[in-house]
Amino acid sequence: MPLSTQSQTDDAQYILVASLDNARNISNILKAITFKDHAIFSATPNGLKVTVEDSKCLQANAFIQADIFQEFTIKEDSVGFQVNLTVLLDCLTIFGGSTVPGVSTALRMCYMGYGYPLTLFLEEGGVVTVCKINTQEPEEPIDFDFCSSNVTNKVILQSESLKEAFSELDMTSEVLQITMSPNQPYFRLSTFGNSGNAHYDYPKDSDMMELFQCTKTQINRYKMSLLKSSTKALALSCKVSVRTDSRGFLSLQYLVRNNDGQICFVEYYCCPDEEVGDD
Amino acid sequence: MDCVVTGGNVKVLAKAIHSLSRIGDELYLEPQEDGLTLRTVNSSRSAYACFLFAPLFFSRYVNPEGHGFRCKMAIKSVQAVFRSLATLEKTVEKCHIELDADRNRLTFTLHCKHGLLKTHNLSFQDSESLQALFDKDSSTNVLKAQPRVLADTVLNFPPSLDEVTVTVSDERVWFRNHVDQEAEPSKAMLTELCLSSDEFDHFEVRARSSVTFCLKELRGLLVFAESTGLPVSMYFDKPGSPVVLSVTDSVLDGNFVLATLSDESGVQTSDRAGTPAPPADDFMNDELESYLIAMDTSMAAGPSVPAPPAPLAPGRVGSPTATPDPWSPAHSEPGEDLTEEEEEPGRPPNKKFRSLFFGSVYPPGSPLGGHTPSSQKVLASDSEEDG
């Protein structure tokens, strides 16, 4: 195999080597979080985490566990760098986006350490492309300090119903208001646009609602422009968990199944736009 | 106002609103005893559309405010309620429309599958009554066809086409794209379709006529007709009088009233500056006409000529106006096609002939000859006092 022979001599120098038989298993997830150009990569023996942030209010994290990769070797406890995500995606899809069955792009991602570029070996149909992408000093991702113990309300919904709502959201509304309550309306998405307001209510006993754990009524508003960025991840997912903590911070967790049926997670954190007030 | 639409009727309502949006930007809503009317008019007041939904269309229809409540709102806002038309049938179980008079809001609540509830509170403005005066029952000509027939017909015209001309004779109907007089003739493409009377459910032509109206507006109605499968009726008289397109069933009535181009110079659309009135046309007679037909074998017989019909060649078609035009042989008849392309140096007689032709081919007194210019105004906005 061209890829393996090429890297035999360099392998010792790489502190991170990750291989995938189908590059789509990583490119699809990364496409979902490409709302900004730069991404922070953080690799640990558990796997890869890619972080994208927007205006210090929104953060998206894509988790690709080590066992998704055909090969995942890491020589340090933690490896971090920052790259231009758009460029990376262009490289990952360099052979085009054709979905001919049986044909896929194989990927070998290698990194030698601080100051070195991220090297990608991509192969399809015997043709090999080598890409070297410059890396930057990784910024420290924001810590939203969102911990499970502080979660006030939590629901898990099947993505299908939320997808429809998100596609219909009134974009003339500057905010998306999320109401979570143990009482009516249980779980509500609201918009306030030019022509009036709109509400999407999900009752707690809906068959789309897999889990409903709301302890306290909370109404929070989030900037529509920020939350719209999560639509792609929603589109890929089959389930979504929505959680708010006592401060009104929002956590959206999407369960994504890739082509091979393996599970990855994408999570979004968003700060509230203003406190409407908790009842 | 408090009404509920259930099942498949939700989609019918949504489609009606969607087709109204092809005419105007504002939706006028008026609940009355005989049902709910949704109306719109375009900005130039040359097209008006109205849907009346009888109380039986609804599973509940209550009008506690009685007469007098009317409102208008941006049609886009109402369309936003019924987004994703394709899945409407499968997801929406019922739609509740309720007036919140205190807050000047009209609430649309969609009860969907899986218990999902979509509520839209739309703000509205009080409005005057929008009413067009038309009497389709006194129309000279009435055609009724299955929506598929008309949809397939308009499919042949490019989406960018503005106006279409419909010409009827005793047994046939021609649909032709209207070419602007100012358009460059060598670059214009002409398309013409001929349908025979047996393609129509009802074909009543009391006078041969040719009317030109906006195709986009017809398409708007066809969107609705196709999805509901209701036949479309077309009522029209002479150029300048409005054409009324209508769909009806036991619980709804939709009417699109469209202005038509008048064929004389009297009252024209703003594009056409005043052109001279046609001179006396009494020197034209049938003999000359048949001579014209005989000269160019590629011409097909049109509705004006008793000769047997032949396949139409694409050709230059006379514009509805009567100005002297090197290409237009006469009045707007599809029969007198003389193609510019087919002209060769050896055919100067054709050109000469054509330059002689102006005015109506028919002797005055025939339905198509000697028209008096008629007003293009079709609408009377009945502004009542607010009550």
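A nonpolar core is a set of buried Ala, Val, Leu, Ile, Met, Phe, Trp, Tyr and Cys residues joined through side-chain atoms within 4.5 Å. That term is needed for the first view below. The model shown in every view is predicted.

**View 1. The largest nonpolar core has 150 residues.**
Leu120(A) and Phe82(B) have the most contacts inside this core. Helix 1 of chain B, residues 8-20, supplies the largest share, with 7 residues. Domain 1 (2-133) and domain 2 (148-270) of chain A both contribute residues, so the core lies between these two domains. In soluble globular proteins, nonpolar side chains tend to be buried together.

**View 2. Phe82(B) and its contacts from beyond four places in sequence.**
Neighbours within four places in sequence are left aside here. Phe82(B) then touches Val10(B), Leu13(B), Ala14(B) and Ile17(B), among others. Its other partners are Leu88(B), Cys95(B), Phe108(B) and Leu110(B). A second core, separate from the largest one, has 10 residues. Among them are Tyr48(B), Leu130(B), Tyr235(B) and Val244(B).

**View 3. Glu164(A) and Lys118(B) form a salt bridge between chains.**
The N to O distance is 2.5 Å. Glu164(A) sits in helix 4 of chain A, residues 159-168. Lys118(B) sits in strand 9 of chain B, residues 117-123. Lys118(B) is buried, at 3% relative accessibility. Shared partners join Glu164(A), Glu168(A) and Lys118(B) into one salt-bridge network. Over all chains, the count of salt bridges comes to 18.

**View 4. Lys36(A) pairs with Asp54(A) in a salt bridge.**
The closest N and O atoms are 3.7 Å apart. This falls inside the 4 Å limit for a salt bridge. Lys36(A) lies in the loop between helix 2 (24-32) and strand 2 (38-44) of chain A, and Asp54(A) in strand 3 (residues 47-54), so the pair ties together parts 18 residues apart in sequence. Asp54(A) is buried, with a relative accessible area of 14%. Lys36(A) is partly exposed, at 37%.

**View 5. Lys223(A) pairs with Asp273(A) in a salt bridge.**
Here the closest N and O atoms are 3.0 Å apart. Lys223(A) belongs to strand 15 of chain A, residues 218-223, while Asp273(A) is in the loop between strand 18 (263-270) and strand 19 (274-275), so this bridge ties together parts 50 residues apart in sequence. Lys223(A) is partly exposed at 37% relative accessibility. Asp273(A) is partly exposed too, with a relative accessible area of 31%.

**View 6. Cysteines without disulfides: Cys91(A) and Cys264(A).**
A search of the whole structure finds 0 disulfides over all chains. A disulfide is a covalent bond between the sulfur atoms of two cysteines. The closest cysteine sulfur to that of Cys91(A) belongs to Cys131(A), 3.7 Å away, which is too far for a bond. The cut-off for a disulfide is 2.5 Å. Cys91(A) is buried, at 10% relative accessibility. For Cys264(A), the closest cysteine sulfur is in Cys238(A), 11 Å away, also too far for a bond. Cys264(A) is buried, with a relative accessible area of 0%.

**View 7. Backbone features at Pro185(A), Ser55(A) and Arg45(B).**
Most residues other than glycine have a negative phi, and most peptide bonds are trans. The peptide bond from Gln184(A) to Pro185(A) is cis, with omega near 0°. Pro185(A) lies in the loop between strand 11 (175-180) and strand 12 (187-193) of chain A. Ser55(A) has a positive phi, near 45°. The loop that holds Ser55(A) runs between strand 3 and strand 4 (58-65) of chain A. Ser55(A) is partly exposed, at 48% relative accessibility. In chain B, Arg45(B) has a positive phi of about 60°. Arg45(B) is in the loop between strand 3 (35-41) and strand 4 (47-53) of chain B. Its relative accessible area is 34%, which is partly exposed.

**View 8. Chain A has 6 helices and 19 strands.**
The radius of gyration of chain A is 20 Å, close to the 19 Å that the globule rule gives for 279 residues, so chain A is as compact as a globular protein of that length. Its C-alpha atoms fill a box of roughly 65 × 40 × 35 Å along the principal axes. Buried residues make up 53% of the 279 residues. Of the contacts in chain A between residues at least 6 apart in sequence, 67% join residues at least 24 apart.

Terms used. Residues numbered from 1 in each chain as written. Chains lettered and ligands numbered in written order. Predicted model: local features only at pLDDT ≥ 70, side-chain atom pairs only at ≥ 80, totals over all residues. Heavy atoms only, no water. Salt bridge = Lys/Arg side-chain N within 4 Å of Asp/Glu carboxyl O. Helix = DSSP H or I, 4+ residues; strand = E, 2+ residues; numbered from the N terminus. Buried < 20%, exposed > 50% of the residue type's maximum accessible area, 1.4 Å probe, protein only. Domains from an automatic or database assignment. Contact = heavy atoms within 4.5 Å. Rg over C-alpha atoms; globule rule 2.2 N^0.38 Å.
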